[in-house]
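The exercises below concern a predicted model. Work through each task before reading its solution.

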Amino acid sequence: MNSSARLAHELAMRFRVVARALDRLDRLEGERTFAGWLQQVGERPDVLRAISEALLRQTLHAASGDVNLALLRQLRLDEAAPLATLAGAVGLDRLALYLRLGELAHAGLVTLELEREAARLTSLGEATLAWLDEVLRCTEERIAEWLELVRSTQP
């Protein structure tokens, strides 16, 4: 499976988790305002597209900042990284680290293991990094090709 297909798969899995949680919450609280929302997703392509875009935008937004990206890359190296190690690796204090990890966790990119004072990259986080790595590699190749063309045309 290529990185785009893998990312799409993990985003769909993220939707399943969130949809189940919302459905359960609606049933527990007797919520009627959103009754039938999940059925609409399957019946209306515009709703499905909007949800898919929202999931992708949230993921890319959370992963795009320099510090958040550094956190994700550090978590890729360490299966369950201690929070103190992460803070030192990216230069954040405890509160700033907690807020950043909270943002990444909300997007489904990491899980927090508060009892162990650790964080872990999720499969969506790994798929996002793999996709970003592939896009960066392809970009570097295209730039190198262009630079080679420029060099070859200069006297």
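**Exercise 1.** Decide whether Thr59 is buried or exposed, and list what Thr59 touches beyond its sequence neighbours.

*Solution.* Start with the accessibility: Thr59 has a relative accessibility of 1%. The cut-off for buried is under 20%, so Thr59 counts as buried. Next, place the residue: Thr59 belongs to helix H3. Finally, leave out residues up to four places away in sequence; Thr59 then touches Leu11, Ala107, Leu109, Leu124 and Thr128.

**Exercise 2.** Describe the largest nonpolar core and the surroundings of Leu104.

*Solution.* First, the size: the largest nonpolar core holds 27 residues. Those with the most contacts inside this core are Leu71, Leu72, Leu86, Leu97, Leu101, Leu104 and Leu109. Second, the elements: two or more residues each come from helices H1 (3-29), H3 (45-64), H4 (66-77), H5 (83-90), H6 (94-106) and H7 (123-153), and from strand E3 (118-121). Third, take Leu104 and set aside its neighbours within four places in sequence: Leu104 is in contact with Ala62, Asn68, Leu71, Leu72, Leu109 and Val110.

**Exercise 3.** Classify the crossing of H4 and H7, then analyse the contact by residue class.

*Solution.* The two axes come within 10 Å and cross at roughly 110 degrees. Angles from 65 to 115 degrees count as roughly perpendicular, so H4 is roughly perpendicular to H7. On the H4 side, the contact is made by Leu69, Leu72, Arg73 and Arg76. H7 contributes Glu126, Leu129, Ala130, Leu132, Asp133 and Leu136. Sorted by class, the contact of H4 with H7 has six nonpolar, no polar and four charged residues.

**Exercise 4.** Work out the strand order of the sheet, its edge strands and the helices that pack on it.

*Solution.* Three strands form an open sheet with antiparallel pairing, in the order E1-E3-E2. The edge strands are E1 (81-82) and E2, each of which pairs on one side only. Now take the pairs in turn. E1 and E3 are antiparallel over two bridges, and Ala81 stands opposite Ala119 in E3. H4 packs on the sheet and touches E1, E2 and E3, its direction making about 90 degrees with that of E3. H6 also packs on the sheet, touching E2 and E3; the direction of H6 makes about 125 degrees with that of E2. The other pair, E2 (residues 110-113) with E3, is antiparallel over four bridges. In that pair, Leu112 stands opposite Ala119 in E3.

**Exercise 5.** Find the residue with a positive phi in the hairpin of E2 and E3, and state its exposure.

*Solution.* The hairpin has four residues between the strands. Glu117 is in this loop between E2 and E3, and its phi is near 55 degrees, a positive value in a residue other than glycine. For comparison, most residues other than glycine have a negative phi. With a relative accessibility of 34%, Glu117 counts as partly exposed.

**Exercise 6.** Assign Val18 to an element, classify its exposure, and give the separation of its C-alpha atom from that of Leu69.

*Solution.* Val18 is in helix H1. Its relative accessible area is 31%, so Val18 is partly exposed. Along the chain, Val18 and Leu69 are 51 residues apart; their C-alpha atoms are separated by 23 Å.

Note on methods. Residues numbered from 1 in each chain as written. Predicted model: local features only at pLDDT ≥ 70, side-chain atom pairs only at ≥ 80, totals over all residues. Heavy atoms only, no water. Core = buried A, V, L, I, M, F, W, Y, C linked by side-chain atoms within 4.5 Å. Buried < 20%, exposed > 50% of the residue type's maximum accessible area, 1.4 Å probe, protein only. Contact = heavy atoms within 4.5 Å. Axes fitted to C-alpha atoms, helices over the stretch in contact; angles between N-to-C directions. Parallel < 35°, antiparallel > 145°, perpendicular 65-115°, else oblique. Nonpolar A, V, L, I, M, F, W, Y, C, P; charged D, E, K, R; others polar. Pairing = 2+ DSSP bridges.
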